[in-house]
Amino acid sequence: MADLLEQLAALREHETRVAMATLIGARGGSPRPLGAKLFVGEGGRLLGSVSIGGCVDSRVVEHGERLLKENRAQRVTVTVDDAEAVELGLACGAEFDLLIEPISLNGTDPAIEAYLSAANISRSGKEAFVVTRIAAKGAPARMVTSQPFEATGPDVFVERIPAAETLVLVGGSDVGAGLARLCRGLGLRVVVIDGRERYATRDRFATADEILVGMPSDLARPYFKEGAYVVLVGHEYKYDLPILREALRAPVRYVGMLAGRKRADAVKALLREDGLTDDEIARLHSPIGLDIGGREPEEIALSIAAQLIAVREGKPIAKRG
Amino acid sequence: MTLPYGAVVLEHFRRPRNQRSLERPSAAHEAFNPMCGDRVRVEVELQAGKIVAAAFTANACAICTASASLLTERVAGMAATEATAIPESAMIVALETEVPKAREACATLPLTALREALRAGS
């Protein structure tokens with residue numbers, strides 16, 4: 001959601017009005033979750049999707065263009081018959097309900113403000129709920145809350161924006177810079193930590209949510225919580241050891257360290273001497289990343305990002321042999 | 001990880017003395033080397049001009065960590081003025097290993113932190 005809103009801000013440079021289509025219901029299966037969005041610009045530009053391309057999005061685009069001209073919101077149902085469903089990769093025919101509404105990109109629009117507010121709540125570590133009341137006539141009304149909210153009828157659509165998970169990135173290296181960019185796009189809250197001011201800079205980490213310079217083990221400790229991904233890319237044992245001693249015993253979701261196999265084995269041996277158990281040490285992903293063979297910083301960053309996705313999705317490939 | 005240092009450095013790096021935070025420090029200072037990224041925070045508890053306890057926290061290399069360990073052992077019970085006067089060369093000698101010129105700053109960083117802490121606490 002946050003990433004889509006950032007892209008929407010970029011779209012503002014070229015478009016003044018867009019139709020925002022939100023997937024609010026699906027029968028017969030849907031490749032995208034409810035709440036998925038497709039923006040149709042008055043100038044023809046498209047952003048996002050409510051299906052995986054194909055004829056569903058095309059029909060939504062047509063409706064969007066029409067409703068932009070008519071300057072009104074409408075609930076629309078797009079039907080896919082069995083033959084079309086096979087082409088779309090669905091098991092059988094399906095119906096998709098969409099709320100399509102004109103949005104102004106000039107100044108503040110209540111809908112965009114609502115989603116920005118929800119994204120900010122999510123980035124602060126809390127889940128957010130965007131409650132949309134769909135009127136028979138006129139624009140939909142929205143409210144945003146951090147309290148769980150249940151839909152109270154067919155004219156109320158509730159979107160749950162989960163709390164953003166945090167990437168704790170220790171080491172302002174080039175690999176770290178690439179990973180920060182990728183992970184921001186994956187919806188993670190990115191916290192960059194280093195002991196060196198020259199590396200952890202806003203120039204190098206333009207999209208990071210936080211940049212912290214100081215004693216890395218002290219700065220990282222408050223983030224050792226459930227759902228955190230701790231990634232050490234400084235290639236500095238002075239930072240790696242103190243952080244690993246704590247992170248591997250914390251309920252974080254992932255701990256990875258940039259290292260060749262020899263260095264990784266040496267660090268694991270030191271951790272064993274320090275009293276960490278084999279189970280705790282086995283949580284460490286090092287060498288880090290999926291083995292896709294890249295050597296450049298951006299390639300290594302991509303392999304790490306891919307591993308984070310695999311961990312999030314519980315895929316066996318996440319654990320490198 | 002094979003570290004090319006003598007027994008004293010290895011002993012104090014792997015089993016550092018006084019690596020903790022003091023409950024009631026009279027003074028503290030965190031020093032860092034902007035080039036290599038070593039960071040060491042030294043805390044002291046002072047009573048009547050005397051160091052009754054010294055401790056440190058470090059995210060630092062083996063030389064710097066060992067130096068901080070040796071220093072905090074050495075200054076416990078010492079007058080603050082006496083501790084401030086410890087020369088840099090003494091820290092390098094105490095490590096009982098050949099410290100390359102480029103790494104001397106690692107060995108003396110804890111002493112810098114201690115001096116700054118004592119200056120602030122005086």
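**Domains, cores and backbone geometry of the predicted model**

In this predicted model, A:N71 sits in the loop that links α2 (54-70) to β4 (74-80) of chain A. Its phi is near 50°, a positive value in a residue other than glycine. A:N71 has 9 C-beta neighbours inside 10 Å and therefore counts as exposed, the limit for that class being 12 or fewer. A positive phi also occurs at A:H235, which is not a glycine and has a value of about 55°. This residue belongs to the loop between β12 (229-232) and α7 (237-247) of chain A. With 15 C-beta neighbours inside 10 Å, A:H235 falls between the limits for exposed and buried residues and so counts as partly exposed.

A further backbone feature is found at A:P287, in the loop between β14 (284-285) and α10 (297-312) of chain A. The peptide bond from A:S286 to A:P287 is cis, and its omega is near 5°. For comparison, most residues other than glycine have a negative phi, and most peptide bonds are trans.

Chain A is assigned two domains, domain 1 (2-161) and domain 2 (166-318). A distance of 35 Å separates the C-alpha centres of domain 1 and domain 2 of chain A.

The largest nonpolar core comprises 53 residues. Those with the most contacts inside this core are A:V168, A:L169, A:L179, A:V192, A:I193 and A:V231. When neighbours within four places in sequence are left aside, A:L169 is in contact with A:G176, A:L179, A:A180, A:V190, A:V191, A:V192, A:I193, A:V231 and A:V233. A second, separate core contains 38 residues, among them B:Y5, B:I63, B:V75 and B:A113. In soluble globular proteins, nonpolar side chains tend to be buried together.

Chain B is built from 5 helices and 3 strands. Read from the N terminus, its elements follow the order α-β-β-β-α-α-α-α. The C-alpha trace of chain B spans about 45 × 25 × 25 Å along its principal axes. Its radius of gyration is 13 Å, which agrees with the value near 14 Å for a compact globule of 122 residues. Of the 122 residues of chain B, 43% count as buried. Among contacts in chain B between residues at least 6 apart in sequence, those joining residues at least 24 apart make up 65%.

Conventions. Residues numbered from 1 in each chain as written. Chains lettered and ligands numbered in written order. Predicted model: local features only at pLDDT ≥ 70, side-chain atom pairs only at ≥ 80, totals over all residues. Helix = DSSP H or I, 4+ residues; strand = E, 2+ residues; numbered from the N terminus. Buried ≥ 20, exposed ≤ 12 C-beta atoms within 10 Å, placed from the backbone. Domains from an automatic or database assignment. Core = buried A, V, L, I, M, F, W, Y, C linked by C-beta atoms within 7 Å. Contact = placed C-beta atoms within 7 Å. Rg over C-alpha atoms; globule rule 2.2 N^0.38 Å.
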